[in-house]
Every structure is written in C-alpha cells, then in structure tokens.
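Subject: A structure for you to explore

Hello,

Here is the structure I promised to pass on. Have a look at it first, and then read on for what I found.

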Amino acid sequence: MEPSPATPPEEGRELRRAGFALVLVLLVVSPWPYACAGAEARFALAALLLVASALWSFGRSRSGAGLPGLTLPALGLPALAVLQLLLGRSAAPWWTAEALLVLLAVLSAFLLMSEEARDRAAARWLASAVLATCGLQAAFGAWQASVTPGRIYGRATPIVTAPFGAYVNHNHFAGLLEMGALLAAGLCAGLVRRGERRSAAAVLAGGLTLALTVAHLASRSRGGLVALLAGFALLAVLGGSRASGARRAAAALALLGLVAIGFGLFAIPAGTRQHLATLVSGPRDASATYRLDTAAAALRTWWSAPLLGTGLGAFADAVPGFKRGHGNVRTTHAESDALELLAEGGLVGAGLLAALAA
C-alpha cells in the first residue's frame with residue numbers, strides 16, 4: 001500500500017520550517033557582503049526575506065492558523081510610506097519606495113521570528129543564529145582592525161572613513177554587537193537563575209557577553225557605548241520585573257553589565273579609551289562636531305514637516321536645505337536612528353513605531 005499523502009497541517013508545518021530556516025541562514029550570511037551596503041545585496045536580501053515569509057505564511061494558512069497578533073502594528077510604517085507617496089509628501093519618492101520594500105521584507109521576517117520563537121526549540125535556534133553572527137563579526141572585526149585598519153577585506157575607498165568588521169560604518173557594527181551582547185547576557189542570567197551557573201552553556205554565554213562587549217567598544221562608537229549602557233540598564237529592569245527575587249535579579253543583571261563594560265574598557269587600546277572618554281569631556285574632533293551639526297539639521301528637517309515627515313528613506317535629499325555647515329558633504333543619515341525616523345516619518349512615524357514596540 002502506498003503511503004497516504006501528507007495532511008495539510010503537516011504540509012503547513014514543513015513550509016513554516018522551510019521559511020524559518022531560510023531566515024536563519026540569511027541572519028548569518030547577510031552582514032558579510034559589506035553589510036549589504038550595495039543596492040544589489042540589499043535588494044537580494046529583501047527578496048529572499050519575502051520568499052521566506054511567503055513560504056511561512058502559506059504554511060501557516062495550510063495549518064489553519066490566522067494572522068499573527070503583531071500584523072496590524074507591523075503594517076503601520078509601510079502604510080505611512082504609501083501615504084507619503086500618494087500625498088506627494090516625500091522629498092525623494094524613489095527612496096521612499098525602496099524604504100517601503102525593505103520595510104515589508106524586514107517586518108515580515110520580524111513577524112515570522114516573533115511567532116516561531118514562541119516555541120522553545122525555535123527560540124534556541126534563533127538565539128544561536130544571532131550569537132553566531134555576532135561572534136563571527138566580532139572575531140573578524142578585531143582581526144581586520146589589527147591587520148588592515150581602515151579597510152574592509154583589504155580594500156579602502158575614499159567614502160568609507162570609519163569601517164569595522166564587514167560594515168562600512170563602525171556605528172552599524174556596534175549596533176549589531178550590542179544586540180548580541182545583550183542577548184548573551186540575558187541567556188547567562190537566565191541560566192544562573194535556574195541554578196545552572198556552572199553549566200557549560202552559562203560559562204559560554206558569560207564569556208560571549210564579555211567578548212562581544214570588547215569588540216563593540218573596540219569599534220570606537222561613542223553612540224554605541226551610550227546605547228550599550230542603556231541596553232544593560234533596560235535588561236536589568238526587565239529581568240528584575242519578571243523574577244521572583246526582583247531586586248536580586250535586577251542587581252545581578254546590572255552587575256553583569258558593569259563588569260562586561262568595565263572589562264571591555266580595560267581590554268581595548270588606550271587610544272580607543274580616550275576616544276570614548278570624549279562622551280564625558282565633550283567633543284574635541286571634527287567627527288563629533290559633524291554629528292552634533294547633523295542632529296540639529298535633522299531636528300530642523302523634522303520641524304518642516306512635523307506630522308508626516310519628509311518621506312521614509314528620503315533623509316539625504318530632505319536635509320540639505322536645513323544644514324548650517326558641512327555643505328560639501330552629502331549627509332546620508334542623521335547619525336541617530338531616532339532623529340532620522342522623526343525627520344522622515346514625523347510624529348506619526350514615531351507613534352507607529354512606539355505602538356509596535358508596545
């Protein structure tokens with residue numbers, strides 16, 4: 001007797017697994033082609049994420065499941081991009097259309113991961129993929145900075161002035177490793193809380209927290225350091241609010257963060273420590289001055305269209321009329337994700353992102 005064909009729920013389960021597996025592969029692979037800075041790599045990544053999400057969504061429907069609970073909040077920012085295009089409110093419609101494509105791809109993958117990670121085994125696979133990606137980038141970034149500083153894969157270009165790892169911008173590298181360091185710290189704290197402080201997994205998670213923090217600080221990203229401090233503080237608050245011994249858990253997580261950052265500051269070169277110390281002493285270099293001027297220009301750009309913004313993805317074309325200096329430099333980003341979102345999406349965009357986060 002021939003085996004009976006798979007039932008729809010089983011077919012759906014396999015499609016969901018295939019979509020989830022493709023997203024995990026893309027998580028590990030995507031940072032390496034110059035962190036997808038090129039348009040070709042960016043479009044290819046977006047297309048593959050949409051394919052993975054389509055497989056997962058089709059499998060979910062075959063299993064009889066409805067839309068994920070985060071679907072409507074996740075559609076907020078893409079809907080804003082469509083509205084800006086329809087109303088002609090974008091300073092660069094082509095870039096807003098590209099931002100719409102990338103948003104749809106990334107947010108669809110976000111929905112996929114948020115649903116699949118409800119399963120403990122899938123959550124472990126997801127955490128492992130993120131930590132593997134961050135660990136490999138940290139090791140490569142440290143090696144490359146010591147062998148060929150200021151270069152990516154041995155090559156240098158006039159427009160790439162502060163690369164690190166496979167990223168053309170050291171701040172973006174720091175953003176990736178911040179995520180990994182906080183995830184590793186959270187895993188370590190969870191294992192210790194369950195009485196597994198001497199387990200190999202707890203030791204590995206603790207060691208990875210220290211290693212990722214060192215590589216993060218070695219990138220010389222001052223904004224990254226501020227974000228890392230805020231991240232460890234938020235992790236302590238969240239960890240303490242969910243534990244039976246709230247104060248003890250919060251204190252342990254805060255201590256882990258301080259130890260990680262203290263160890264990182266001790267391990268990095270003296271010149272890097274002095275560079276990061278300008279956070280306290282005030283800007284002394286052209287880079288810091290440029291960032292402050294850009295932040296002021298971003299605020300003026302937002303004030304020109306406070307409600308709907310100047311178009312998602314259109315910051316580079318919207319900001320020139322509001323700059324008070326560095327006129328010979330094409331400012332492609334606000335050097336602050338929060339200010340850039342405010343300038344591009346206005347109060348509506350900020351509110352939609354806050355709703356999704358909530």
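Helices here are DSSP runs of H or I with at least four residues, strands are runs of E with at least two, and both are numbered from the N terminus. By that rule, the protein has 14 helices and zero strands. Please keep in mind that this is a predicted model.

Let's start with the overall shape. The C-alpha trace spans about 75 × 55 × 45 Å along its principal axes. For 358 residues, a compact globule would have a radius of gyration near 21 Å, and the protein's value of 22 Å agrees with that. Buried residues account for 39% of the 358.

Next, find helix α7, which covers residues 170-193. Its 24 residues should span 34 Å at 1.5 Å a residue, and the end C-alpha atoms are indeed 34 Å apart. At the N-terminal end of α7, Asn169 acts as a cap: one of its side-chain oxygens sits 2.7 Å from the backbone nitrogen of Asn171. Just past α7 comes Gly195, with a positive phi of about 80°.

Finally, turn to the surface. Which residues form a nonpolar patch there? They are Phe43, Leu50, Leu72, Leu75, Leu101 and Leu104, with about 500 Å² of accessible area together. Helices α2 (39-62) and α5 (93-116) are the elements that each give two or more residues to this patch. Leu104 belongs to α5. Its relative accessibility is 36%, so Leu104 counts as partly exposed, the class between under 20% (buried) and over 50% (exposed).

Enjoy exploring!

How values were computed:
Residues are numbered from 1 along each chain as its sequence is written. This is a predicted model: local features need pLDDT of at least 70, side-chain atom pairs count only at pLDDT 80 or more; totals for chains, interfaces and linings use all residues. Side-chain values use heavy atoms; hydrogens and water are left out. The expected span of a helix is 1.5 Å times one less than its number of residues. A polar contact is a pair of N or O atoms within 3.5 Å; within protein, one must be able to donate a hydrogen and the other to accept it, and residues adjacent in sequence count only if both atoms are side-chain atoms. Patches are made of residues with over 30% relative accessible area and no salt bridge: like charges are joined within 9 Å, nonpolar side chains (Val, Leu, Ile, Met, Phe, Trp, Tyr) within 5 Å. Accessible areas come from the Shrake-Rupley method with a 1.4 Å probe; for residues, only the protein chains shown count as cover. A salt bridge is a side-chain nitrogen of Lys or Arg within 4 Å of a carboxyl oxygen of Asp or Glu. Buried means under 20% relative accessible area, exposed over 50%, partly exposed in between (1.4 Å probe, protein chains only). The radius of gyration is taken over C-alpha atoms; the globule rule is 2.2 Å times the number of residues to the power 0.38.
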